[in-house]
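Open the model in your viewer and keep the sequence panel beside it. This tour tells you what to select at each stop and what you will find there.

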Amino acid sequence: MFPILLALVLIFCSQIEAQLQVNFYRNTCPNAELIIRQEVQRSYFRDRVAPGLIRMHFHDCFVRGCDGSVLIKSTPRNSAEEDGPSNAGSLRGFEAIESAKARLEQECRGVVSCADILAYAARDSIVVSGGLGWDVPAGRRDGRISLAAETIDIPAPFNNLDQNLRAFAKKDLSSDNMVALLGAHTIGCSHCTQFSNRLYNFSPANGQDPTLDPLYAMQLKQQCPRGPNGNVDPNAVVFMNFSPTICEKSYYVNVLRNRGLFTSDQTLTTSPEALSEVKDYARNNTQWQTDFADAMIKMSQVEVLTGIAGEIRLNCRAIKP
């Protein structure tokens, strides 16, 4: 019975993947990828938005799959994903997506989905940051539901390893995929509130996380001081690492030095298997770049809408009436 069930699962997965195709818009909107790439590059050189677009794609795929639902704006009647606990006040890159969408609607109205724009933009953000590109399978349709409450599925920065493994497994992503994808933290910034628990009142026995390098902790406390009320400024941000604009393996080097910014980063050292991969990536940038690209392709196909499901939004920030 088990071999039969496994075969059915593999057939089902193959059918889902077959519905997404590389060069999906070659006939219906030949300049689609070029237009998106140009807008990502323009946004990158204006305000270094690349990390925000990668994060937004990740957060989109972990809620209802890669359907562009993270882009939908909240209304008086609905609190959307952008205002969920994992996203509120921290999502960046909407302007790049909207600019690309506006140009695409002039070029080929009603053809390119917002979900696909986001998937292409994430790839282009890696490339413009010095990373390895990949062919993006496309053909996603846009979802019509976006609920703040459902962002609970997004792995949190304070997760331990087991919690992260469960969150990734829920989306059919392996532990190997997880270790590779977390390398995206090599670029960008973080709000201090995402990790300040590691600096102050970590536990009854420790004021700060004992797994955090003391010198690094001191530096972070200078950048994220507590105010008179004992709280950290919610608007204060720090770089993820010492090369926050370059997509390379330094994230893994930092983790080995107990300089992973988030709890979810540092807990990679608590598993022999994950630690082995961290060491491999810290030594071999090409291996990480290749595995990261493969993991991004796999993640971008999580629970996609295709065919006649969903819609093709004309405005990425709002569903059709």
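**Start at the far end of the chain**

Select Glu 303, which is found in the segment after helix H12. Keep in mind that this is a predicted model. The phi angle of Glu 303 is near 50 degrees, a positive value in a residue other than glycine. Most residues other than glycine have a negative phi. Is Glu 303 buried or exposed? Glu 303 counts as partly exposed, because its relative accessibility is 41%, and partly exposed covers the range between 20% and 50%.

**A second positive phi**

Now select Asn 201, in the loop between strand S1 and helix H8 (214–223). Asn 201 also has a phi near 50 degrees, a positive value in a residue other than glycine. Asn 201 is exposed, because its relative accessible area is 63% and the cut-off for exposed is over 50%.

**Zoom out to the whole protein**

Clear the selection and show the protein as a cartoon. How many helices and strands does the protein have? The protein has twelve helices and two strands. Followed along the sequence, the pattern is α-α-α-α-α-α-α-β-α-β-α-α-α-α. The radius of gyration is 20 Å, close to the 20 Å that the globule rule gives for 321 residues, so the protein is as compact as a globular protein of that length. Taken along the principal axes, the C-alpha atoms fill a box of roughly 60 × 50 × 35 Å.

Switch to a surface view. The protein exposes about 15,200 Å², and carbon and sulfur atoms supply 55% of that area. Buried residues make up 50% of the 321 residues. Of the contacts with a separation of 6 or more, 75% are between residues 24 or more positions apart. If you colour by charge, you will be looking at 32 positive and 34 negative charges, whose mean positions are 4 Å apart.

**Helix H12**

Next, select Phe 292 in helix H12 (residues 285–299). Is Phe 292 buried or exposed? Phe 292 is buried, because its relative accessible area is 1% and the cut-off for buried is under 20%. Show the residues around the side chain. Leaving aside neighbours within four places in sequence, Phe 292 is in contact with Ile 126, Trp 134, Ala 180, Leu 181 and Ala 184. To get a sense of scale, add Pro 210 to the selection: the C-alpha atoms of Phe 292 and Pro 210 are separated by 30 Å, and the two residues are 82 residues apart along the chain.

**A group of annotated residues**

Select Asp 60, Val 63, Gly 65, Asp 67, Ser 69 and Glu 81, which UniProt lists for "binding site" in an unreviewed entry. These residues are spread over 22 residues of sequence but cluster in space, with a largest C-alpha distance of 12.5 Å.

Keep Asp 67 and hide the others. Asp 67 is in the loop between helix H3 (50–61) and helix H4 (94–107), and is buried at 3% relative accessible area. Not counting residues up to four places away in sequence, Asp 67 touches Asp 60, Ala 115, Arg 141, Asp 142, Gly 143, Leu 305 and Arg 313.

Then move to Ser 69, in the loop between H3 and H4. Ser 69 counts as buried, with 0% relative accessibility. Which residues is Ser 69 in contact with, leaving aside its neighbours within four places in sequence? They are Asp 60, Val 63, Arg 64, Glu 81, Ile 145, Ser 146 and Arg 313.

**Two more annotated positions**

Select Pro 155, where UniProt places the feature "binding site" (unreviewed entry). Pro 155 is in the loop between helix H5 (114–128) and helix H6 (161–170). Its relative accessible area is 14%, so Pro 155 is buried. Not counting residues up to four places away in sequence, Pro 155 touches Phe 58, Phe 62, Asn 164, Ala 167 and Phe 168.

The last stop is Thr 186, also covered by the UniProt annotation "binding site" (unreviewed entry). Look for Thr 186 in the loop between helix H7 (175–181) and strand S1 (189–191). At 0% relative accessibility, Thr 186 counts as buried. Leaving aside neighbours within four places in sequence, the contacts of Thr 186 are Asn 241, Ser 243, Pro 244, Ile 246, Cys 247, Glu 248, Ser 250, Tyr 251 and Trp 288.

Key
Residues numbered from 1 in each chain as written. Predicted model: local features only at pLDDT ≥ 70, side-chain atom pairs only at ≥ 80, totals over all residues. Heavy atoms only, no water. Helix = DSSP H or I, 4+ residues; strand = E, 2+ residues; numbered from the N terminus. Rg over C-alpha atoms; globule rule 2.2 N^0.38 Å. Buried < 20%, exposed > 50% of the residue type's maximum accessible area, 1.4 Å probe, protein only. Contact = heavy atoms within 4.5 Å. Areas by Shrake-Rupley, 256 points an atom, 1.4 Å probe, with all protein chains shown as cover. Lys, Arg positive; Asp, Glu negative; His and termini not counted. Charge placed at Lys NZ, Arg CZ, Asp CG, Glu CD. UniProt positions renumbered as here; feature names shortened; annotations may be inferred.
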